[in-house]
Amino acid sequence: MEWSAEGLIIGIRKHGETSLILETMVPGRGRCFGLVRGGRSRKQAAALQPGNSALLTWRARLEDHLGLFTAEVTRMRAATLIADRTRLYLSQMLADHLRLLPERDPHDMLLEAVVMLLDEDFNDTELGAELARFELVLLDELGFGLDLETCAVTGVHENLTHVSPKTGRAVCAQEAEPYKDRLLRLPRFLIEDIPPEQGDVAAAFALTGHFLDRHVWTARQIEPPATRDWLTLKLTGRL
């Protein structure tokens, strides 16, 4: 078995005295692992770092084996990420999110979003908005997508302002009014192509965080990414 593609390195693990196991996201293939012999050498170790992209060739006798990687780095990001705490935490959090996905299950939309988040020059508000959108797509890709198209009570498409914390369905302003203290606020930028307003990014993180915790972290008995709390504070101007 053999294939070649450009992938994003999202994790590394030492193996033996000289080798590395690379964890990557690959278009059309999803999250893949492979052994790089000699990957801990000075030359390779400097290049095979999370956040970098590489041209990967994977070989194995059978498809379900770990397999061997050869890797030639095509985009160096790691040094820039390490120099910027926000971007470093962002890359670590995105990698943790991608690890929620099944191995070898393609999720190209998420991969494209991760590369965009790592490469584009966003201010804090813009980055927070894009990251919240990413988490919304992540929920959908994991099978827990929110229904933000119509009001759960009336079926209308307009003036959707809140989300039920139990069902994940949107609620319009009129129906939400008596229950606002029990509902999650739905920022308009998540359902319309508009910039976030004051407080919207924090509300978006509260929304996605609630459902990630409900359906993923608590359900799988895993801790949320350690970097998420710091990032949400930083990107919403509270740090």
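Biologist: Happy to look at this predicted model with you. What makes β1 and β2 count as paired strands?

Modeller: Strand β1 (residues 2–15) and β2 are joined by seven bridges and run antiparallel. Pairing asks for at least two bridges, so these strands qualify. As one example, Leu 8 has Met 25 of β2 as its bridge partner.

Biologist: And what lies between β1 and β2 in their hairpin?

Modeller: Three residues separate the two strands, and Gly 16 in the turn has a positive phi of about 65 degrees.

Biologist: How do you know that β2 also pairs with β3?

Modeller: By the same kind of reasoning: seven bridges link β2 to strand β3 (residues 30–36) in the antiparallel sense, and the cut-off is at least two, so the pair counts. Met 25 turns up again here, with Arg 31 as its bridge partner in β3. This hairpin has three residues between its strands, and Gly 28 in the turn shows a positive phi of about 75 degrees.

Biologist: Why is β2 called mostly covered?

Modeller: Buried means under 20% relative accessible area, and eight of the eight residues in strand β2 (residues 19–26) are buried. Ser 19, Ile 21, Glu 23 and Met 25 point one way, while Leu 20, Leu 22, Thr 24 and Val 26 point the other way, and all are buried.

Biologist: On to the helices, then. Why is α3 called roughly antiparallel to α4?

Modeller: Helix α3 (residues 85–98) packs against helix α4 (residues 108–119) at an angle of about 175 degrees, with axes 10 Å apart. Angles over 145 degrees count as roughly antiparallel, so α3 and α4 earn the name. On the α3 side, the contact is made by Arg 87, Leu 90, Ser 91, Leu 94 and Leu 98; α4 brings Leu 110, Val 114, Leu 117, Leu 118 and Asp 119.

Biologist: What classes of residue make up the contact of α3 with α4?

Modeller: Seven are nonpolar, one is polar and two are charged.

Biologist: Which residues touch the most other members of the largest nonpolar core?

Modeller: Of its 50 residues, those are Leu 94, Leu 98, Leu 131, Phe 134, Leu 186, Leu 190 and Leu 207. Elements giving two or more residues to this core include β1, α3, α4 and α5 (124–141). Setting aside residues up to four places away in sequence, Leu 131 touches Leu 90, Met 93, Leu 94, Leu 117, Phe 205, Leu 231 and Leu 235. Another core, of 14 residues, lies apart from the largest one, with Trp 3, Val 26, Leu 48 and Ala 54 among them.

Key: Residues numbered from 1 in each chain as written. Predicted model: local features only at pLDDT ≥ 70, side-chain atom pairs only at ≥ 80, totals over all residues. Heavy atoms only, no water. Axes fitted to C-alpha atoms, helices over the stretch in contact; angles between N-to-C directions. Helix = DSSP H or I, 4+ residues; strand = E, 2+ residues; numbered from the N terminus. Parallel < 35°, antiparallel > 145°, perpendicular 65-115°, else oblique. Contact = heavy atoms within 4.5 Å. Nonpolar A, V, L, I, M, F, W, Y, C, P; charged D, E, K, R; others polar. Buried < 20%, exposed > 50% of the residue type's maximum accessible area, 1.4 Å probe, protein only. Core = buried A, V, L, I, M, F, W, Y, C linked by side-chain atoms within 4.5 Å.
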